[in-house]
Amino acid sequence: MALEMGLWRADGDKLSRITPTAVGLESQLENYIESDPSMLGEGLLIVGRQVPTAHGGFIDLLAVDDSGNVHVIELKRDKTPRDVTAQTIDYGSWVSSLGHSDITEIFAVYKPGVPFEEAFAEQFGEAPPEELNAAQVFTIVAASVDNATERIVRFLNESFGVPINVVFFRHFEDGGVSYLARTWLVERETQAPAGGSAKKKSKEPWNGHDWYVSFGEFPNGRQWVDAMKYGFVSAGGDKWFSRTLKNLPVGARVFACIPKVGYVGVGHVLAEAKRFDEATVEVDGVEKRLADLDLVGNYSHDGDEADEFAEWAVPVQWTRAVPREQGFWKTGMFANQNSAAKLRQQFTIEQVLAAFEITD
């Protein structure tokens with residue numbers, strides 16, 4: 001059984017119990033949760049309300065957490081025990097089939113004109129993960145439920161690991177002030193998101209062409225002014241930094257970003273990665289070694305006689321490149337700790353192309 005919630009008013013040495021009331025509570029809970037989903041115990045971004053499913057019916061609230069898991073939030077209202085649990089699971093099965101674009105389209109209907117990526121970043125302080133809706137969580141919201149509902153939810157959660165739970169709210173009034181108290185049917189620590197059947201579709205599709213490149217500047221080291229002038233991107237100092245740069249294929253389009261500054265260049269890869277002291281670029285129609293050029297930055301590293309510690313470079317023909325002072329950044333855009341990564345996020349691609357006035 002769920003724990004009974006009690007509230008007492010302390011008047012000196014005397015305690016007076018405040019009697020809870022459910023009058024009008026369930027009709028207001030949806031509004032309460034939408035306005036502040038943290039009342040469910042964690043940070044959530046609401047992505048839809050009364051979301052129509054493909055099989056009829058409407059999900060009360062749909063949300064995502066900071067890991068990109070999708071939460072189905074269903075209010076009990078006047079549903080029977082069988083209806084409320086079956087409906088929540090039914091909705092969850094449909095949600096598990098949704099891909100990345102489906103979630104963002106639902107949000108676009110809910111918040112017209114607000115990019116999902118911006119809203120996610122404002123809520124959680126970082127861009128959405130590449131995998132969206134890789135797992136789901138199901139929550140029934142109620143003022144109270146009967147024994148049958150409790151048995152069903154506990155059976156599914158504790159015996160089969162289905163991430164379904166009931167959150168109880170009780171309403172108290174005291175001296176004209178209203179309070180809400182919350183508790184859970186199943187301990188939250190035991191509830192883990194379940195991987196959905198849509199895992200393969202949970203990543204935003206990659207166009208097979210665009211790549212993100214992190215150009216990490218540092219004092220007395222790598223400098224964007226060199227890369228912009230001579231046409232290259234580079235990384236090194238350890239094999240962890242150079243290994244992903246070597247994945248860039250000839251002909252790929254790269255979006256160069258200086259961490260904590262923004263996107264500074266878009267161009268196409270001209271040749272495979274080589275050690276910086278062996279890489280060449282074309283200067284005024286003449287092929288020259290990067291290491292022989294008049295460079296502002298320093299591209300040597302301790303122990304770089306070994307390939308794994310050397311700086312590696314990839315020649316790039318810039319379509320548009322701007323000084324670091326003009327770096328472009330917008331909340332919700334993609335960033336990654338790897339030196340190179342597939343750029344799946346269409347939001348970032350569109351924003352950078354528009355900012356640099358590039359016609360795709």
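In this predicted model, residues 196-200 have pLDDT under 50 throughout, and the model gives this stretch 11 contacts beyond four places in sequence. Where pLDDT is low, the predicted coordinates should not be read in detail. For the protein as a whole, the mean pLDDT is 89, and 92% of residues reach 70 or more.

The largest nonpolar core comprises 48 residues, and those with the most contacts inside it are Val 233, Leu 248 and Leu 290. Both helices and strands give two or more residues to this core: helices H6 (224-230) and H8 (346-355), together with strands S11 (210-214), S12, S13 (253-258), S14 (262-269), S16 (280-283) and S18 (311-321). Another core, of 46 residues, lies apart from the largest one and includes Ile 33, Leu 98, Tyr 110 and Val 186. In soluble globular proteins, nonpolar side chains tend to be buried together.

Beyond its neighbours within four places in sequence, Leu 248 is in contact with Trp 211, Val 213, Val 233, Val 254, Val 269, Val 314 and Ala 340. Val 314 is also among the residues touched by Phe 232, which belongs to strand S12 (residues 232-236). Phe 232 counts as buried because its relative accessible area, 0%, is under the 20% cut-off. With residues up to four places away in sequence left out, the contacts of Phe 232 include the aromatic residues Phe 215, Phe 276, Tyr 299 and Trp 318, as well as Asp 226, Ala 227, Leu 290, Pro 315 and Val 316. By contrast, Asp 174 lies 68 Å from Phe 232, C-alpha to C-alpha, with their positions 58 residues apart in sequence.

Helix H4 (residues 116-124) is mostly covered, with seven of its nine residues buried. The buried residues are Phe 116, Glu 117, Glu 118, Ala 119, Phe 120, Ala 121 and Phe 124. Strands S4 (45-52) and S5 (58-64) are part of what covers them, as are helices H3 (100-110) and H8. After H4 comes Gly 125, which has a positive phi, near 80 degrees.

Two cavities of 30 Å³ or more are present in the structure. The largest has a volume of about 90 Å³. Glu 117, one of the buried residues of H4, contributes to the lining of this cavity. The other lining residues are His 100, Pro 128, Pro 129, Glu 130, Glu 204, Phe 334, Arg 344 and Gln 345. By class, the lining has four charged, three nonpolar and two polar residues.

Note on methods. Residues are numbered from 1 along each chain as its sequence is written. Side-chain values use heavy atoms; hydrogens and water are left out. pLDDT is the predictor's confidence in each residue, from 0 to 100. Contact means heavy atoms within 4.5 Å. On a 1 Å grid over the protein atoms alone, a cavity is a set of points where a 1.4 Å probe fits but cannot get out, and a pocket is an open set with protein on both sides within 12 Å along at least five of seven lines; lining residues have an atom within 4 Å of a point. Grid points are joined across faces, edges and corners, and a volume is the space filled by probe spheres set on the points. Ala, Val, Leu, Ile, Met, Phe, Trp, Tyr, Cys and Pro count as nonpolar, Asp, Glu, Lys and Arg as charged, and the others, Gly among them, as polar. Helices (H or I, at least four residues) and strands (E, at least two) are DSSP runs, numbered from the N terminus. Buried means under 20% relative accessible area, exposed over 50%, partly exposed in between (1.4 Å probe, protein chains only). A nonpolar core is a set of buried Ala, Val, Leu, Ile, Met, Phe, Trp, Tyr and Cys residues joined through side-chain atoms within 4.5 Å.
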